[in-house]
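Student: Hi, could you walk me through this one? I have not looked at it before, so please take it slowly.
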Amino acid sequence: MNVSLLVMSEPYSSQSSLSALKYAKAALSAGHGIKRVFFYHNGAHTGSALQTPQQDETNIQQEWADLSNTHNLDLVICIAAALKRGNLTADEANRYDREQHNIHAPFELSGLGQLLDAQLNSDQLITFA
Amino acid sequence: MTKNILIIQRTAPYGSSLAREGIDYVLTSAAYDQNISLLFLGDGVFQLLANQNSKDIQLKNQLSALEVLPLYDVENLYVTEEDLTERNLQAENLGLKVNVISRASVHPLLSKQDHVVGF
């Protein structure tokens, strides 16, 4: 199967943020394809590279980035949801005249059309809310 | 490639931005020529209440966002009779014309869809 994930839960606040990560790992190790992971709503915080959890806690941004680098996962954060919550790439920081940015590759910012594309072109869209 | 997509709105209009962000997905999908149906389920029916005034809580009016749906050819809006009754509401309390269906009709509505997503 080819699946996509819609992650709307906030990292560290909601168990489902970690469940999404575990689901992605399980799906990949079972031989399924992941077309895209789309982060929306409070999930837009997932890509912040400034996350600094305690040493005995999972760094959720880092785990997604590692998984993406190993499996070439497409990690897309909704640009509107990200910008208003203060999650910017260098390009967007430049565009909106902000001094800092916290979103790096393999995460990217894009529009909701990427969620529609994921839904239309996957066998299943699995929501983590 | 036009598909039938059902989007389910489950939350009350304010308190969480999920209602607003759900409608943003409805508008995006409709702009890409998908055949969208919208089901307001549970507390989601509160999004349709007439006479919303959200100015004092510094949020955009959810009903105003829903009123543009016909311009995007999103005309299949559904609520269940049971969800209205349980909240002491009637169709005339709502600010938009919607199809009031029975809870038992939700399953056949779901079965007609190619894709379903809930907010």
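Tutor: Let us begin with a term: two strands pair if DSSP finds at least two bridges between them. Please also keep in mind that this is a predicted model.

Student: OK, so how many bridges are there between β1 and β2 of chain A?
Tutor: Strand β1 (residues 2-7) of chain A and strand β2 (residues 33-39) of chain A are joined by six bridges, and their pairing is in the parallel sense. Along this pair, Val3(A) stands opposite Ile34(A) in β2(A), and Leu6(A) stands opposite Phe38(A) in β2(A).

Student: And which residue in β5(A) is opposite Leu5(A)?
Tutor: Leu5(A) stands opposite Ile126(A) in β5(A). The pairing of β1(A) with β5(A) is again described as parallel, and it runs over five bridges.

Student: What is the order of the strands in the whole sheet?
Tutor: The sheet in chain A is open and has five strands, in the order β4-β3-β2-β1-β5, with parallel pairing. Its edge strands are β4 (107-110) and β5 (124-128) of chain A, each of which pairs on one side only. From one strand to the next, the twist averages 25°.

Student: Where do the helices come in, say α1?
Tutor: Helix α1 (residues 15-29) of chain A lies across β1, β2 and β5 of chain A, and runs at about 170° to β1(A). Another helix that packs on the sheet is α5 (residues 113-120) of chain A, which touches β1, β2, β3 (75-78), β4 and β5 of chain A and whose direction makes about 150° with that of β2(A).

Student: Which hand does the β-α-β unit have?
Tutor: The unit made by β1(A), α1(A) and β2(A) is right-handed.

Student: Changing topic a bit: how do α1(A) and α2 cross?
Tutor: Two packed helices are described by the angle and the distance between their axes. The axes of α1(A) and helix α2 (residues 60-71) of chain A come within 11 Å and cross at roughly 20°. Because angles under 35 degrees count as roughly parallel, α1(A) is roughly parallel to α2(A). The crossing of α1(A) and α2(A) is left-handed.

Student: Which residues meet there?
Tutor: On the side of α1(A) they are Ser17(A), Leu21(A), Ala24(A), Lys25(A) and Leu28(A), and these meet Ile60(A), Glu63(A), Trp64(A), Leu67(A) and His71(A) in α2(A). Sorted by class, the residues of this contact of α1(A) with α2(A) are six nonpolar, two polar and two charged.

Student: Anything to note about the backbone in the loop between α4 and β4 of chain A?
Tutor: Two residues in that loop are worth a look. Most residues other than glycine have a negative phi, and most peptide bonds are trans. Pro106(A) lies in the loop between α4 (90-95) and β4 of chain A, and a cis peptide bond, with omega about 10°, joins Ala105(A) to Pro106(A). Asp97(A) is found in the loop between α4 and β4 of chain A, and its phi is near 60°, a positive value in a residue other than glycine.

Student: Last one: how many residues of chain B are in contact with chain A?
Tutor: There are 13 residues of chain B in contact with twelve residues of chain A. On the chain B side, the elements that give two or more residues are α1 (18-31) and β5 (115-118) of chain B, and the largest share, six residues, comes from α1(B). By class, the side of chain B that touches chain A has five nonpolar, five polar and three charged residues.

Conventions:
Residues are numbered from 1 along each chain as its sequence is written. Chains are lettered from A and ligands numbered from 1 in the order in which they are written. This is a predicted model: local features need pLDDT of at least 70, side-chain atom pairs count only at pLDDT 80 or more; totals for chains, interfaces and linings use all residues. Helices (H or I, at least four residues) and strands (E, at least two) are DSSP runs, numbered from the N terminus. Axes are lines fitted to C-alpha atoms, for helices over the stretch in contact, and angles run from 0 to 180 degrees between N-to-C directions. Two residues are in contact if their C-beta atoms, placed from the backbone, lie within 7 Å. Angles under 35 degrees count as roughly parallel, over 145 as roughly antiparallel, 65 to 115 as roughly perpendicular and the rest as oblique. A crossing is left-handed if the near helix is turned anticlockwise from the far one by less than a right angle, and right-handed if clockwise. Ala, Val, Leu, Ile, Met, Phe, Trp, Tyr, Cys and Pro count as nonpolar, Asp, Glu, Lys and Arg as charged, and the others, Gly among them, as polar. A crossover is right-handed if, with the strands pointing away from the viewer, the path from the first strand over the helix to the second runs clockwise.
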